[in-house]
Amino acid sequence: MTLFGSSGIRGIVNRRITPEFAVRIGSAIGTLHEKTIIGYDTRTSNIMMSSAIISGILSAGADVYNAGILTTPALAYATRRFDCGIMVTASHNPPQYNGIKLWNPTGMAFTRNQEEQIETMLEKGNVRKAEWDEIGGLFPYENANGEHMEFIKKRVGRLSLKVVVDCGSGPASFSTPYLFREMGCRVYTINSHPDGHFPGRDPEPVEENLGALKSAVLHHEADLGIAHDGDADRMVAVDDMGNYVGGDALLLLFTKYVAKKRIVVPVDSSMALEEYGKEVIRTRIGDAFISQEMHRQNADFGGEPSGTWIFSDGTLCPDGPYAAAILAKMIEKKGSLSQMIGGLKRYPIIRGKIDYDPCKRDAIQNRIWKTLESEKGADVSKIDGIRLDYGDSWAVVRFSGTEPKIRITVEAKNRRTLAALYKKMQKIVLLCTHSR
Ligand code: MG
């Protein structure tokens, strides 16, 4: 039984993600861990889901501390005082989704082995049922957001920029704007009132959702715009000219200015990374794989083009507010964000996705893999999905771990090759998803 995707357990509320299911997950966690902390983002189903998980934990005779609404990185930071951390969030997914993500005291997400242990326990019904006088206790855990902000302020210091923050109506509403203000910035906010209906914008911080942020940066003549996803483990930016600065550009920027020796990135990130004098290690896509590999390789920075940034002097959890503060510090020291971006050596990238019928996944995957593996003139790697490397260009085709989509990423040193390569990959995927 596989419950966990590439980023915990995720699905539509009261379909796949039900309170009954949450009680079972809670009872497995309570059987394994004495003292757990739980928190949640701003989704409408969070009290329902967290209450059920808490019930399960208590029934196994373990204690649980409720941190309330907070960002995923703040929950991961607080988990260092506990045996286990639980974040109830569906990250950037639409409002009808929710999910459960589990954390170790290092701030590292549960490994596949740990997830398998829980799957086996649930399959076999191997969970503890405490006697009436051994039921666990529920306690409040206050100020987890505040502790996380104090940590960031200590690491980054004072700032004096003008910043617009777009929290996407998520839990960052309680942290990032206050963080920047306390550090000395002039702060303007949009979508910074917690609301699980996400009235202002979709919780995924991609360019088409950030029109209001771009306008606000220009209107206020700000130095920087910051946008988070639904649980603020991600961060992307808008520069002082009102241009979107997505994960691909930020990954190069952090690699150039913040990383020291060794970085960990996923297989679908730019080949320009190799040109910044740091050792580049490539691994599977998904923040849990990045942080595990950082831990193994003793890397000081890890990041993904989706906007997840991990700094080894913090926790091993991607940290949107911390990344935002580090980016602001960089601007204060080195000059405007638009100039820094203009000075980066980079190549054009296209990222696209194609829907498929999840019931036919195995057959579709076999067809795509077979076609791509026989591709001439390319080095084929299977770290995650299929990566074809042609020297001056590459393509990655993979199945998303969080939604029924096939993702295609291509990068090339010139635009003509880029367009042709993307078209070719798109054609292969479309043919394989629609043939019988
Ligand atoms: Mg997230």
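**Exercise 1. Describe how α8 and α10 pack in this predicted model.**

Solution. Start with the geometry. In this predicted model, the axes of α8 and α10 sit 12 Å apart and make an angle of about 65°. Next, get the hand: α8 and α10 cross in a left-handed way. Then list who touches whom. From α8 you should pick out L250, L253, F254 and Y257, and from α10 A323, I326, L327, M330 and K334. Finally, sort that contact by class: 8 residues are nonpolar, none is polar and 1 is charged.

**Exercise 2. Helix α10 also packs against α6; at what angle, and which residues make the contact?**

Solution. Take α6 (residues 176-183) and α10 (residues 320-334) and look at their axes: the angle is about 35° and the separation is 10 Å. The hand comes next, and α6 and α10 make a right-handed crossing. On the α6 side, the contact uses T176, L179, F180 and M183. On the α10 side, P321, A324, A325 and A328 take part. Wrap up with the classes: the contact of α6 with α10 has 7 nonpolar residues, 1 polar and no charged.

**Exercise 3. Work out whether α1 and α2 are oblique or roughly parallel.**

Solution. First, find the helices: α1 covers residues 19-32 and α2 covers residues 46-59. Their axes are 6 Å apart, at an angle of about 40°. Angles under 35 degrees would count as roughly parallel, so α1 is oblique to α2. The crossing of α1 past α2 is right-handed. Now click through the touching residues: α1 brings P19, A22, V23, G26, S27, I29 and G30, while α2 brings M48, M49, A52, I53, G56, I57 and S59. By class, the contact of α1 with α2 holds 9 nonpolar and 5 polar residues, with no charged ones.

**Exercise 4. Find the largest cavity and say which strand gives the most to its lining.**

Solution. Begin with the count, using a cut-off of 30 Å³ or more: that leaves 1 cavity. The volume of the largest cavity is about 50 Å³. Its lining consists of S7, I9, R10, T89, S91, G99, I100, K101, D231 and D233. Now map those residues onto strands. Both β1 (9-12) and β5 (97-103) supply at least two of the lining residues, and β5 gives the most, with 3. As for class, the lining of the largest cavity has 4 charged, 4 polar and 2 nonpolar residues.

**Exercise 5. Which residues lie closest to the centre of the largest pocket, and which to that of the second largest?**

Solution. Take the largest pocket to begin with, at a volume of about 1200 Å³. It has 48 lining residues, and E204, P305, S306, R351 and R407 are the closest to its centre. Two or more lining residues come from each of β11 (244-245), α8 (247-257), β16 (349-355) and β20 (405-412). The lining of the largest pocket splits into 17 charged, 17 polar and 14 nonpolar residues.

Now move to the second largest pocket, with a volume of about 810 Å³. Here 37 residues form the lining, and the closest to the centre are G5, S6, S400, G401 and T402. Elements that each supply at least two residues to this lining include β1, β5, α4 (112-124) and α9 (287-297). Also on that list are α12 (361-373) and β19 (393-399). Sorted by class, the lining of the second largest pocket has 14 nonpolar, 13 polar and 10 charged residues.

Definitions and conventions. Residues are numbered from 1 along each chain as its sequence is written. This is a predicted model: local features need pLDDT of at least 70, side-chain atom pairs count only at pLDDT 80 or more; totals for chains, interfaces and linings use all residues. Side-chain values use heavy atoms; hydrogens and water are left out. Axes are lines fitted to C-alpha atoms, for helices over the stretch in contact, and angles run from 0 to 180 degrees between N-to-C directions. Helices (H or I, at least four residues) and strands (E, at least two) are DSSP runs, numbered from the N terminus. Angles under 35 degrees count as roughly parallel, over 145 as roughly antiparallel, 65 to 115 as roughly perpendicular and the rest as oblique. A crossing is left-handed if the near helix is turned anticlockwise from the far one by less than a right angle, and right-handed if clockwise. Contact means heavy atoms within 4.5 Å. Ala, Val, Leu, Ile, Met, Phe, Trp, Tyr, Cys and Pro count as nonpolar, Asp, Glu, Lys and Arg as charged, and the others, Gly among them, as polar. On a 1 Å grid over the protein atoms alone, a cavity is a set of points where a 1.4 Å probe fits but cannot get out, and a pocket is an open set with protein on both sides within 12 Å along at least five of seven lines; lining residues have an atom within 4 Å of a point. Grid points are joined across faces, edges and corners, and a volume is the space filled by probe spheres set on the points.
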